[in-house]
Amino acid sequence: MLHTRTTPARRRRALREQLASGRLLRMPGAINPYAAKLIEEHGFEAAYLSGAVLAAELCLPDIGLTASTEIAARAQQVTRVTDLPVLIDADTGFGAPVNAARTVQLFEDAGLAGLHLEDQIAVKRCGHLDGKTLVTRDEMVQRVRAAADARRDDDFLLMARTDARGVEGLDAAIDRAKAYVDAGADAVFPEALADEAEFAAFRKALDVPLLANMTEFGKGPLLSTAALENLGYNIALYPVTLFRLANGAIEDGLRTLAAEGTQESLLPRMQTRSRLYEVLGYEEYAAFDSAVFDFTLPPGS
């Protein structure tokens with residue numbers, strides 16, 4: 001009720017332990033605090049906050065228009081309600097290397113378990129679009145080093161994302177990823193790989209945790225958890241899945257409401273009031289309120 005039962009430090013350690021276990025973590029993207037609660041209830045190991053979704057919530061494209069402070073504020077709302085470790089998309093670090101350093105500390109304070117930084121220029125694009133422009137390898141190394149030096153909790157996960165596959169080719173992407181690990185990255189997110197062979201090549205080349213982005217309508221295949229486990233990946237990321245599902249349901253509902261003049265036919269597809277109240281913990285809140293206001297002091301107190 002009201003908040004999580006665990007501390008950020010404990011959740012960060014849990015993420016580290018999960019990554020060291022050799023088991024695949026399934027990480028859906030939470031579109032809001034309520035969705036994060038549902039992700040936990042349905043047995044997933046971690047949750048994610050997508051920069052694309054956080055921008056789209058504000059009706060903005062994913063081109064670097066959001067600020068680190070507004071992202072941190074949204075993140076804190078999510079980490080308040082779930083005991084799962086939460087990984088966040090920090091885009092390019094929101095500016096120069098010193099901005100990336102500040103972002104790390106903002107996100108630590110927001111209760112997150114880790115973040116990933118990418119090697120695009122500040123006016124970035126979705127990782128599965130053409131026309132991306134990268135900073136130099138040395139510039140990204142400075143970004144990663146600044147972020148690593150800024151950490152106050154060594155368990156806070158620093159992941160480096162490389163978008164080089166679609167710009168410079170697979171070999172260059174692997175070389176960049178190695179340099180980022182040498183600079184202090186704990187894990188790597190190779191974006192927009194084309195097929196299983198490329199996923200395997202990254203696994204062979206790097207001995208750190210790897211994230212596989214299973215975003216829909218992208219450049220790469222949608223691999224099963226079994227396939228990703230066989231490839232030796234550590235995280236299966238579903239960054240925009242829930243957002244797309246929710247938006248599809250909203251549009252279907254609006255079309256039905258406009259055409260039929262009533263929501264009656266939509267009722268079987270809706271979450272019930274009782275289920276909503278169950279997730280929100282109405283009963284626990286009522287019990288707490290009663291305990292606060294309906295009590296008598298024992299004799300002599």
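## A report on helices, a sheet and exposed residues

Phe-217 is found in the loop that runs between strand E7 and helix H10 (225-231), where helices (H or I, at least four residues) and strands (E, at least two) are DSSP runs numbered from the N terminus. The model is a predicted one, in which local features need pLDDT of at least 70 and side-chain atom pairs count only at pLDDT 80 or more, while totals for chains, interfaces and linings use all residues. Residues are numbered from 1 along each chain as its sequence is written, and side-chain values use heavy atoms, with hydrogens and water left out.

The phi angle of Phe-217 is near 60 degrees, which is a positive value in a residue other than glycine. Cys-59, which lies in the loop between H3 and H4, also has a phi near 60 degrees, again positive in a residue other than glycine. The table sets these two beside Ala-259, a residue of helix H11 (residues 241-260); each of the three counts as exposed, where exposed means over 50% relative accessible area, buried under 20% and partly exposed in between (1.4 Å probe, protein chains only).

| Residue | Place | Relative accessibility |
|---|---|---|
| Cys-59 | loop between H3 and H4 | 72% |
| Phe-217 | loop between E7 and H10 | 76% |
| Ala-259 | helix H11 | 68% |

Strand E7 also belongs to an open sheet of 3 strands, whose order is E1-E8-E7 and whose pairing is parallel; two strands pair if DSSP finds at least two bridges between them. Strand E1 (25-28) and strand E7 (211-213) stand at the edges with a single partner strand each, so that one side of each is left without a neighbour in the sheet. On average, and with direction ignored, neighbouring strands of this sheet are turned by 20 degrees against each other.

Strand E8 (residues 235-238) is joined to E7 by 3 bridges, in parallel, and to E1 by 4 bridges, also in the parallel sense. Towards E7, Leu-211 has Ile-235 of E8 as its bridge partner, and Ala-212 has Ala-236. Towards E1, the partner of Met-27 is Leu-237 of E8. Ile-235 and Leu-237 point one way from E8, whereas Ala-236 and Tyr-238 point the other way, and all of them are buried.

Helix H1 (8-20) brings its own buried residues up against this sheet and other elements, since what covers them includes E1, H4, H5, strand E5 (157-162) and E8; contact here means heavy atoms within 4.5 Å. The 13 residues of H1 should span 18 Å at 1.5 Å a residue, and its end C-alpha atoms are 18 Å apart, which agrees; the expected span is 1.5 Å times one less than the number of residues. The buried residues of H1 are Arg-11, Arg-12, Leu-15, Gln-18 and Leu-19. These cover an arc of only 125 degrees around the axis, which puts them on the same side of H1, the arc being that of the directions from the helix axis to the C-beta atoms. On the other side of H1, Glu-17 and Ala-20 are exposed. After H1 comes Gly-22, with a positive phi near 85 degrees.

Helix H4 (residues 68-79) can be read in a similar way: its 12 residues reach 16 Å from the first C-alpha to the last, close to the 16 Å expected at 1.5 Å a residue. Its buried residues are Ser-68, Ile-71, Ala-72, Ala-75, Val-78 and Thr-79. Seen down the axis of H4, they fall within an arc of 115 degrees, so they line one face of the helix. Among the elements that cover them are helix H1 (8-20), helix H2 (33-41), strand E3 (86-89) and helix H5 (97-109).

H5 in turn packs with helix H6 (residues 137-150) at an angle of about 35 degrees, their axes being 8 Å apart. Axes are lines fitted to C-alpha atoms, for helices over the stretch in contact, and angles run from 0 to 180 degrees between N-to-C directions. H5 passes H6 in a right-handed crossing, a term used when the near helix is turned clockwise from the far one by less than a right angle, with left-handed for anticlockwise. On the H5 side, the residues that make the contact are Pro-97, Ala-100, Ala-101, Val-104, Gln-105 and Glu-108, and on the H6 side they are Gln-142, Arg-143, Ala-146, Ala-147 and Ala-150. The C-alpha atom of Ala-100 is separated by 49 Å from that of Ala-259, which stands 159 residues away along the chain.
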